[in-house]
Amino acid sequence: MRLFLKNQSETEALGISLAALCVPGDCIALNGSYGMGKSTFARAFLRALTGDAALDVPSPSFPILLTYDTPRGPVFHYDLWRLEGPDALDELDWDAACEGIMLVEWPERAEDLLPDGALHLTLEQGGTDDEREVSLVGWPDARLMGLGV
């Protein structure tokens with residue numbers, strides 16, 4: 001599935017819509033270069049799942065992992081940019097995270113440890129500075145029909 005987002009508000013709406021579809025065991029793998037909206041998406045996604053519109057959602061770049069308690073169970077937000085290799089995931093609750101909801105930035109650094117059935121969401125530059133082209137791969141299209149974006 002391919003989406004065209006006009007601005008930051010539409011990126012946030014996508015995060016909120018996907019949060020409504022997520023259940024424990026789901027993994028969203030966020031791909032995209034710096035400045036493409038991964039943090040914007042993650043912030044909206046996590047605020048929607050926790051039900052807290054003012055939730056402070058810092059980037060997990062330094063700690064690599066931040067966890068959030070939600071009504072649907074724990075959410076594990078990873079930023080694997082600084083990961084020294086997939087073996088380091090053992091020390092970062094990776095197995096437990098696979099039972100919850102995972103949001104993984106820079107997922108290619110997990111190599112083959114990324115859960116099967118992960119939704120790969122790729123954000124790319126659109127026609128203007130504010131626009132984004134988004135591809136969603138890995139979930140059946142029927143599941144994604146509820147996006148409403």
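**Exercise 1. Determine how strand S2 is joined to strand S6, and how S2 is covered.**

Solution. Begin with the pairing: S2 (27-31) and S6 (119-125) run parallel and are joined by four bridges, where strands (E, at least two residues) and helices (H or I, at least four) are DSSP runs numbered from the N terminus, and two strands pair if DSSP finds at least two bridges between them. The model is a predicted one, in which local features need pLDDT of at least 70 and side-chain atom pairs count only at pLDDT 80 or more, while totals for chains, interfaces and linings use all residues. Residues are numbered from 1 along each chain as its sequence is written, and side-chain values use heavy atoms, with hydrogens and water left out.

Next, find a pair of residues across these strands: Asn31 stands opposite Thr122 in S6. Then turn to S5, which also runs parallel to S2 and is joined to it by four bridges; here Ile28 stands opposite Leu103.

Finally, consider the covering of S2, using the term buried (under 20% relative accessible area, with exposed over 50% and partly exposed in between, for a 1.4 Å probe and protein chains only). Five of the five residues of S2 are buried, and both faces are covered, with Cys27, Ala29 and Asn31 on one side and Ile28 and Leu30 on the other.

**Exercise 2. Work out how strand S4 is paired with S3 and with S5, and describe the setting of His77 in S4.**

Solution. First, S3 and S4 run antiparallel and are joined by six bridges, and the two strands form a hairpin with two residues between them. Within this pairing, Tyr78 in S4 is the bridge partner of Leu65.

Second, S4 and S5 run parallel, with five bridges joining them, and Met102 in S5 is the bridge partner of Phe76.

Third, S4 is largely enclosed by the rest of the structure, because five of its seven residues are buried. His77 lies in this strand and is buried, with a relative accessible area of 2%. The side chain of His77 is joined to that of Glu105 by a polar contact of 2.7 Å, a polar contact being a pair of N or O atoms within 3.5 Å, of which, within protein, one must be able to donate a hydrogen and the other to accept it, and for which residues adjacent in sequence count only if both atoms are side-chain atoms.

**Exercise 3. Describe the surroundings of Thr70 in strand S3.**

Solution. Start with accessibility: Thr70 has a relative accessibility of 12%, and therefore counts as buried. Continue with the polar atoms: a polar atom of the Thr70 side chain lies 2.5 Å from the backbone oxygen of Gly73. End with contacts (heavy atoms within 4.5 Å): leaving aside neighbours within four places in sequence, Thr70 is in contact with Leu49, Thr50 and Val75.

**Exercise 4. Check the length of helix H2, and establish what its buried residues pack against.**

Solution. The expected span of a helix is 1.5 Å times one less than its number of residues. For the 13 residues of H2 (residues 38-50) this should give 18 Å, and the end C-alpha atoms are 18 Å apart, so the two agree. Just after H2, Gly51 takes a positive phi of about 75°.

The buried residues of H2 are Lys38, Thr40, Phe41, Ala42, Ala44, Phe45, Leu46 and Leu49, and they pack against several elements, including helix H1 (8-21), S2 and strand S3 (65-70).

Now look at the largest nonpolar core, a nonpolar core being a set of buried Ala, Val, Leu, Ile, Met, Phe, Trp, Tyr and Cys residues joined through side-chain atoms within 4.5 Å. This core has 28 residues, and among those with the most contacts inside it are Phe41, Phe45 and Leu121. Its largest share, five residues, comes from H2. A second, separate core of 18 residues includes Tyr78, Leu80, Leu89 and Leu114.

**Exercise 5. Decide how many disulfides the structure holds, and examine Cys22 and Cys27.**

Solution. A disulfide is counted where two cysteine sulfur atoms lie within 2.5 Å, and the structure holds zero of them. For Cys22, the nearest cysteine sulfur is that of Cys27, 9.2 Å away, and Cys22 counts as buried because its relative accessibility is 1%. For Cys27, the nearest cysteine sulfur is that of Cys98, 7.3 Å away, and Cys27 counts as buried at 2% relative accessibility.
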